[in-house]
Amino acid sequence: ARVCRVVWSATGLLASALGTSVDILECVSEPLPSLASLGLDLLEVAPATRAWILARPFLAAVGVVWSVALGLEWLAPVFVFLLFVGIVSSTHDVVHGSLGLGRGATNLWLFLLGALVLESGHAYRLTHLRHHAVFPGPDDPEGAPAKMTLLGAALHGFVFLPKLWWWALRRAPIAERPWLLAEAAWAIGLSELQPIRLKVSR
């Protein structure tokens, strides 16, 4: 890490004459602090914290159904927003291995979190890690909309998730392909169901 300090500044009349302030910096390279000095507790996630992070999207989904069932449709967008934020943050933590889950639990939660919004959690993991590795380089389906016009990016939204899934399926290890196929089957199957209007007897 580089640390810089100001060793001389043009101030007063000199700064007025130059029309701006001028600073001369001295920069030195210092080693990054060790993890032990920062605190090894950063590597641990409390069980209650992990449970809350994983439960948030499902609680928001319950809120959507509850508000519609009780005729409080005006409240549903609030829960939809919370669902979106919860899915993004929770799935991102699972993808990056930040919650301390094992391999089996990680695969299961990628499926469950994605299933909630008809998305492939395993496709997201493959494409997101690729995005971190190469952005803004080539073959980055997640980052591709950043190179489009505003209209192009908006229209790309209609095919964004299928394109991520197809990209991931062609590059996924054989062991991950059943997960990708199961996630696609879930999304297609559920989207074919007719909407059911919930009624609550009063």
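Let's begin where the model is least sure of itself: over residues 197-202, pLDDT (the predictor's confidence in each residue, from 0 to 100) stays under 50. For this stretch the model has six contacts beyond four places in sequence, a contact meaning heavy atoms within 4.5 Å. This is a predicted model, in which local features need pLDDT of at least 70 and side-chain atom pairs count only at pLDDT 80 or more, while totals for chains, interfaces and linings use all residues. Residues are numbered from 1 along each chain as its sequence is written, and side-chain values use heavy atoms, with hydrogens and water left out.

Across the chain, pLDDT averages 84, and 81% of the residues score at least 70. Helices here are DSSP runs (H or I, at least four residues), numbered from the N terminus. Among the elements of the chain, helix 1 (residues 12-18) has the lowest mean pLDDT, 50, and helix 5 (residues 103-116) has the highest, 95.

Helix 5 is a good place to look next. Its axis and that of helix 4 (residues 76-95) come within 10 Å and cross at roughly 160°; axes are lines fitted to C-alpha atoms, for helices over the stretch in contact, and angles run from 0 to 180 degrees between N-to-C directions. That angle makes helix 4 roughly antiparallel to helix 5, a label for angles over 145 degrees, just as those under 35 count as roughly parallel. In helix 4, Leu83, Ile87, Ser90, Thr91, Val94 and Val95 meet Thr106, Trp109, Leu110, Leu113 and Leu116 of helix 5. By class, this contact has eight nonpolar residues, three polar and no charged ones (Ala, Val, Leu, Ile, Met, Phe, Trp, Tyr, Cys and Pro count as nonpolar, Asp, Glu, Lys and Arg as charged, and the others, Gly among them, as polar).

Now turn to helix 9 (residues 177-191), whose axis comes within 10 Å of that of helix 5, crossing at roughly 20°. Helix 5 is therefore roughly parallel to helix 9. Asn107, Leu108, Leu110, Phe111 and Ala115 of helix 5 make the contact with Trp179, Ala182, Glu183 and Trp186 of helix 9. Seven of these residues are nonpolar, one is polar and one is charged.

Finally, a search of the whole structure finds three salt bridges, each a side-chain nitrogen of Lys or Arg within 4 Å of a carboxyl oxygen of Asp or Glu. One links arginine 125 with glutamate 176, the closest N and O atoms being 3.2 Å apart. Arginine 125 lies in helix 6 (residues 121-134) and glutamate 176 in the loop between helix 8 (160-171) and helix 9, so the pair ties together parts 51 residues apart in sequence.

Technical notes. Helices (H or I, at least four residues) and strands (E, at least two) are DSSP runs, numbered from the N terminus. Angles under 35 degrees count as roughly parallel, over 145 as roughly antiparallel, 65 to 115 as roughly perpendicular and the rest as oblique.
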